[in-house]
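Here is a short tour for anyone who likes to look at charges and contacts before setting up a calculation. Have the viewer open and follow along.

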Amino acid sequence: MTLDQGVLHKKYEVLKIDLPLENRRYLEALGMTVKSEIEILNRKGKGILMVRFRGSSFALGYNVTKNIQVRELA
Amino acid sequence: MEITIGFIGNPNCGKTTLFNDYTGANLKVANYPGVTVEKVEGQIIKEGTKIHLVDLPGAYSLTSYTMEERVTRSFILSDECDVVINVVDASTLERSLYLTLQLLELGKPVVMALNMMDIVKKRGMEIDLHRLPEMLGIPVIPVSARKREGLDILLHAAIHHKGQNKPDRLIHEHDYISKHPHKHHDEYAMVYSDQIEDKIDEIINELRLKYGSQQNERFIALKILESDGEILEKYPELSKHAPLQDEIINEKYAFIEEIIKEVLLYKEKQDALTQKVDRILTHKVFGFLFFLVVMALVFFLTFSIGDYIKSYFELAFGLLGEFVTHLFNVLKVNEALRSLVVDGIIGGVGTVITFLPNITILFLALAFLEDSGYMARVAYIMEGIMSKLGLSGRAFIPMLLGFGCTVPAIMASRTLENKKDRLRVMLVTPFMSCNARLTIYILFSEMFFASHAMIVAYSMYVIGLLVAIIASWLIHLFDRHKNETYLIIELPEYKMPDLNTVAIYVWDKVKDYVEKAGTTIFVATIIIWLLLNVGPNGFGDMQNSFGALLAQKITFIFVPIGLGFWQIVVALIAGISAKEVVVSSCAVLFGVASASSAQGMAALLSSLNAIGFGSLNAFCLMVFSLLYIPCVATLVMIYRESQSLKWTLLEGFFQLAVAYIVTFLVYQIGLLII
C-alpha cells in the first residue's frame, strides 16, 4: 500500500520511496529512510497528511504520500 | 585573541534565538559573495576574546543540493570559521543528529548546544548528558536560548575548543567485530561498515596519487561516494567510483538509532498539547476558517490600535510643519524653499512615517504567528487549494509574507525546490497586498468610505489574494509542461513566541521601512516635488509643471479605468519608486501638509471632489495600486532571484496588464451599479 491510503493514528514502516532524487534525499535528510517508522497524525483530502517520524512532525502533500510505499505495523 | 564561531542547526531549533541572545539587535546583514543567501553576523567581546559570530542558514543536511547548504558547508570548511556551534533541539534529537554527524565529518571543532531541554523535561523524557558526548566525541552543553541559560558555558567551551580538530575521547560499545585494517573507532564518531571504510581508503589513496595530499581527505572520499556534485567537479578523476549514498545514509541513521537507544530515555512520550491543538487548527474545515479569522484579526489590530498611535505621529509632523513655516517666515526664506521643505520633505516623508504604527503592528502579528509555529501549519491547510493551482502548499508562505512586504516574500520563494514553482510564485506574490499599499488604502478608504473604511481596505487583501489565485490557476491551466509539486515541510511544536526574537524581527523590518522612507521615498518625493513645481515657466505653477504636462499627455489611457486625472496619473508613476509615494505625491499635488491628519484628509477630499474624483474612482485607484507594477525594490529582488532581465520585464508588463483589466472591469461594472 501507499502512504496516502494510510489510516489516522496508525503506524507504518517505509518500504520504498518513489520520488525524484532531490525530494528523496531531502526526506532522507529529515529521517525518512527505508525501514523507518511513520505515524499518521492528521489527514485531509485525497492524502495530504500530517505525519510523525524520528520524533518530528511534517506535512506531506498528496504527490509525496502517493509515492511512498509502506506496510502497516502491528 | 580572536575567534570566529559559526552557528548551525535545523530550521526551528532555536538557533536564531540563541544567536540573538549573544548579539542582541546589533547585527550586520549582508549576502555571501556571489549568491543571495543572507549572511547574519555579530560581534562580542568575552573573557578578553573578540568573538565574531555568524548565523548560518538553517539546514537539515550538508549535501550540495541547495544553495544554503553549499554556502554553509563552504563557510565551515573555510579558514574563516574556527569553531562550529551545532544548535540542536533536544526534543527532536533523533532527527537533529543527522546534521551533527555530517558536521563532524567536516573536520572542524564542533560544540553541541542542546537547546530546549525544558521541553524534554516537560514531556517526561530524559537525555543522558554523559553518554552523548562520549558517543559523539564533542562537548554537549545544555542551554535554554529562551531563558538565556547556559550561554556563558557554551561560549567558554567554543573558545576552549578552537584548534582542536580531533574529537574528544570516544567510547563506543558496538556489537560487531570489524575486519577493517584501521582502528577508526578511536578517531571518528561515525565509523561505517567495512565495505564503506575500505572504499574510503581506496579513494583516499587515489586522491593522494592524482591530486596530492589534501585537507580532510576522509570528507572528500565520503562525498565522492555520495556523488556530491561540487566535490566531483573539483576531483573529476575520482568520478568512476560507484555511489554508495543510500548505504551511507542508512548507516548514519543506524548509528543515530544506536545513540538514541543509549541516551534518550522515555522516547515514546510526545507532545500531547501540540497534537491536541493541531486537531483543531489543522482541521479540514475549522482550520481554514481559523486561518481567515487570524488574518482578519491581524488587520483589525493594524487598523484600530495602529490608527490610535498614528494620530500622535500626525500631531508631531503637523507641529513640525507649522514650526518650520513660522521659522522660514521669520527668516524671510523664499517661498520655493519653504514649499520644498514643508510640502515636499515634511509633507511627503512625514506622511509615510506616520504610518509606522500600522506597519509595526502588522509585523508584530506576523512575527508572533511565525514564532508560535502556526505559520508552518498554513502550508498544510492550504495544500489542497494550492495543489489545484499547480503550486505546493509551501508556496503559500512566500505569498502570505507578501502581505507584509513583497521584497522578503520574493526572497522566501527560494525555499521552493522547483525553479518553475519559484518563478510562478514570484509572478503572483506581488498581487498580495504589502504594507506599503496599506498607506493608500488607509487614506482613500477613510476619506471616501468613512464608517466602512476597514471593510473596503480588507477587501483589497481579498482581491489581491483572488487575483493571485486566478492568475496561478490560469498559468497552470495553460502550462503544457506541468510539473508535480511536492509538499514536505516540518511542523514545529507550538510554543509561546520568544519576545526577544519577535522584537528583533520587528525592529529589523521597521528599520528597513524607515530607511526606505528616508532614502528611496525621500529622493522620490524631491523628484516629484521638482516635477510638480517646476515647469517651462519656472517654479510655482503646478498646472504647467513638467509632471502635469507629461501626465496630461497619457491621462486618456486611464479614463476607461476611472483614473483619468493627471494628478492621479502622476502619483501612480511616482508610486513605482515605492507604493507609499502614491500617498505622499497626492499630498504634494494637492498642497496638503499632512494627508493622514483629519484636516489634511478633509482638504484632500475637497480637492479630489472638486476635480470629480468620487468614491468609485477611489476604489479603482486602490485596486490599480494593488495590482500594477511592483515597486523598484521588488523588481530588483525579482531580477536577483530569477537572474533574468527578460523575466523581470515580463513580470512588470504582466502586472500592468492585469491591473488595467481588473480595474477596467471594476470601474465599468461600478458605473452600471451606481
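A salt bridge here is a side-chain nitrogen of Lys or Arg within 4 Å of a carboxyl oxygen of Asp or Glu. Buried means under 20% relative accessible area. Please keep in mind that this is a predicted model.

**A buried charge in chain B**

With those terms in hand, take a look at Asp201(B), which sits in helix 7 (residues 194-211) of chain B. What is the nearest side chain of opposite charge to Asp201(B)? That is Arg218(B), 6.0 Å away, and the buried Asp201(B) has no salt bridge. Because a salt bridge needs the nitrogen within 4 Å of the carboxyl oxygen, a separation of 6.0 Å leaves Asp201(B) and Arg218(B) unpaired. Leaving aside neighbours within four places in sequence, Asp201(B) is in contact with His180(B), His182(B) and His184(B).

**Domains and cores**

Chain B is split into domain 1 (2-160), domain 2 (184-265) and domain 3 (286-481 + 503-673). Measuring over C-alpha atoms is easy to repeat yourself: the centres of domain 1 and domain 3 of chain B are 39 Å apart.

In soluble globular proteins, nonpolar side chains tend to be buried together. The largest nonpolar core in this model has 115 residues, and the members that touch the most others are Phe444(B), Leu563(B), Leu608(B) and Phe613(B). Beyond four places in sequence, the residues that Phe444(B) touches include Phe449(B), Cys586(B), Ala618(B) and Met622(B). A second, separate core of 78 residues has Leu93(B), Ile200(B), Ile203(B) and Ile204(B) among its members.

For a nonpolar residue in another setting, try Ile280(B) in helix 11 (residues 272-281) of chain B. Ile280(B) is exposed, with a relative accessible area of 55%. Its contacts, apart from neighbours within four places in sequence, are Phe286(B) and Gly287(B).

**Where the chains meet**

How many residues does each chain bring to the contact? Chain A gives 36 residues and chain B gives 35 residues. Together chain A and chain B bury about 3,300 Å², 55% of it on carbon and sulfur atoms. Four salt bridges are found across this interface. Glu94(B) and Arg54(A) also pair through their side chains in a salt bridge, at 3.4 Å from N to O.

**Salt bridges within chain B**

Over all chains, the whole structure holds 30 salt bridges. Three pairs from chain B are set out below.

| Acidic partner | Basic partner | N to O distance |
|---|---|---|
| Asp21(B) | Arg148(B) | 3.6 Å |
| Asp152(B) | Lys46(B) | 2.8 Å |
| Glu217(B) | Arg208(B) | 2.9 Å |

Asp21(B) lies in helix 1 (residues 15-23) and Arg148(B) in the loop between strand 8 (140-142) and helix 6 (151-160), so the pair ties together parts of chain B that are 127 residues apart in sequence. Asp21(B) counts as buried at 10% relative accessibility, while Arg148(B) is partly exposed at 45%.

Lys46(B) belongs to strand 3 (residues 38-46) and Asp152(B) to helix 6 of chain B, so this pair links parts 106 residues apart in sequence. Lys46(B) is partly exposed at 26% relative accessibility, and Asp152(B) is partly exposed at 47%.

In the remaining pair, Glu217(B) counts as buried at 11% relative accessibility, whereas Arg208(B) is partly exposed at 42%. Finally, salt bridges with shared partners join Arg24(A), Arg25(A), Glu28(A) and Asp246(B) into one network.

Technical notes. Residues numbered from 1 in each chain as written. Chains lettered and ligands numbered in written order. Predicted model: local features only at pLDDT ≥ 70, side-chain atom pairs only at ≥ 80, totals over all residues. Heavy atoms only, no water. Domains from an automatic or database assignment. Core = buried A, V, L, I, M, F, W, Y, C linked by side-chain atoms within 4.5 Å. Buried < 20%, exposed > 50% of the residue type's maximum accessible area, 1.4 Å probe, protein only. Contact = heavy atoms within 4.5 Å. Helix = DSSP H or I, 4+ residues; strand = E, 2+ residues; numbered from the N terminus. Lys, Arg positive; Asp, Glu negative; His and termini not counted. Buried area = accessible area lost by both parts, 1.4 Å probe.
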